[in-house]
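Q: Could you walk me through this model? I would like to start with the strands and then move on to the rest of the chain.

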Amino acid sequence: MKNETQVYFPHLLRSATPSNKEPILLLLFHGYGSNAADLFSLEHFLPPEAIVLSFQAPLLLGEDQYAWFPLDWSGARPTSRIEDVQKGREEVRARIAFARARYGISAERVRQLEREAIQKLRRLADPDLAA
C-alpha cells in the first residue's frame with residue numbers, strides 16, 4: 001500500500017450558495033506584499049453560485065505580507081531572477097492542482113487558469129515581457 005501525503009495550502013474559502021446552476025470555481029491569487037484576506041474581502045461582489053478560494057503565497061515578506069517570488073528593489077524598478085519566477089509559477093500550479101483535486105474542475109479549465117496565472121506572474125516579473 002502506498003503512503004500518500006496529502007498536500008494542503010493555506011487559503012480562505014467561501015462555499016457556493018446552493019442553486020440549480022453548476023458552481024463556478026474562482027481562484028484568487030493576491031499580489032506582491034498582500035495576503036489571501038485582501039482579495040477575499042471582495043467575495044461578496046462575486047456570484048453567489050461561485051466557490052471562492054483565496055490562496056496565500058508562500059514567501060513571507062513581513063507581517064501579513066506575502067509574495068509568490070522575491071523581487072529585488074535595488075534598481076530603478078523591481079527585478080527578479082527567472083529561477084524565482086519559475087518557482088513562483090510552480091507554487092501557483094500546485095495550488096491549482098490542489099483546487100482541482102478538491103473541487104473537481106476539468107483539466108481544460110486548469111490549463112486556462114494556469115495560462116492566466118503565468119501571464120500575471122510574467123507581468124509582475126517584467127512588464128515588457130508580458131506584452
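**Strands, sheet and a buried arginine**

A: Bear in mind that this is a predicted model. Strand β4 (residues 59-62) and strand β5 (residues 65-67) run antiparallel and are joined by three bridges.

Q: Which residue in β5 is the bridge partner of Leu59?

A: The partner of Leu59 is Ala67.

Q: And how many residues lie between β4 and β5 in the hairpin?

A: Two residues lie between the strands of that hairpin, and Asp64, which is in the turn, has a positive phi of about 55 degrees.

Q: OK, stepping back, how many helices and strands does the chain have?

A: The chain has three helices and five strands, and read from the N terminus on, these elements follow the order β-β-α-β-β-β-α-α.

Q: What is the strand order in the three-stranded sheet?

A: That open sheet has the order β1-β3-β2, and its pairing is mixed. Its edge strands are β1 (11-14) and β2 (24-29), each of which pairs on one side only. On average, and with direction ignored, neighbouring strands of this sheet are turned by 15 degrees against each other.

Q: Mixed how? Do take the two pairings one by one.

A: On one side, β1 and β3 run antiparallel and are joined by four bridges, with His11 standing opposite Phe55 in β3. On the other, β2 pairs with strand β3 (residues 50-55) in the parallel sense, over six bridges. Within that parallel pairing, Leu27 has Leu53 as its bridge partner in β3, while Leu28 has Ser54.

Q: Is β3 mostly covered or mostly open?

A: β3 is mostly covered, as six of its six residues are buried. In a regular strand the side chains alternate between the two faces of the sheet. In β3, the residues on one side are Ala50, Val52 and Ser54, those on the other are Ile51, Leu53 and Phe55, and all of them are buried, so both faces of the strand are covered.

Q: Which helix lies across β1, β2 and β3?

A: That is α2, which runs at about 155 degrees to β2 as it lies across the three strands.

Q: Now Arg95, where is that found?

A: Arg95 is found in helix α2, which spans residues 82-103.

Q: Is Arg95 buried or exposed?

A: Arg95 counts as buried because its relative accessible area is 3%, and the cut-off for that class is under 20%.

Q: What does its side chain reach, and which residues is Arg95 in contact with?

A: The side chain of Arg95 reaches the backbone oxygen of Gln56 at 3.5 Å. If neighbours within four places in sequence are left aside, Arg95 is in contact with Phe9, Phe29, Phe55, Gln56, Pro58 and Trp68. Among these contacts, Phe55 is also the residue that His11 stands opposite in the pairing of β1 with β3.

Q: Changing topic to the whole chain, how much of it is made up of buried residues?

A: Of the 131 residues in the chain, 33% are buried. The accessible surface comes to about 8700 Å², and 53% of that belongs to carbon and sulfur atoms.

Q: And what share of the contacts join residues at least 24 apart?

A: Among contacts between residues at least 6 apart in sequence, 68% join residues at least 24 apart.

Terms used:
Residues numbered from 1 in each chain as written. Predicted model: local features only at pLDDT ≥ 70, side-chain atom pairs only at ≥ 80, totals over all residues. Heavy atoms only, no water. Buried < 20%, exposed > 50% of the residue type's maximum accessible area, 1.4 Å probe, protein only. Polar contact = N/O pair within 3.5 Å; in protein donor to acceptor, adjacent residues only side chain to side chain. Contact = heavy atoms within 4.5 Å. Pairing = 2+ DSSP bridges. Axes fitted to C-alpha atoms, helices over the stretch in contact; angles between N-to-C directions. Areas by Shrake-Rupley, 256 points an atom, 1.4 Å probe, with all protein chains shown as cover.
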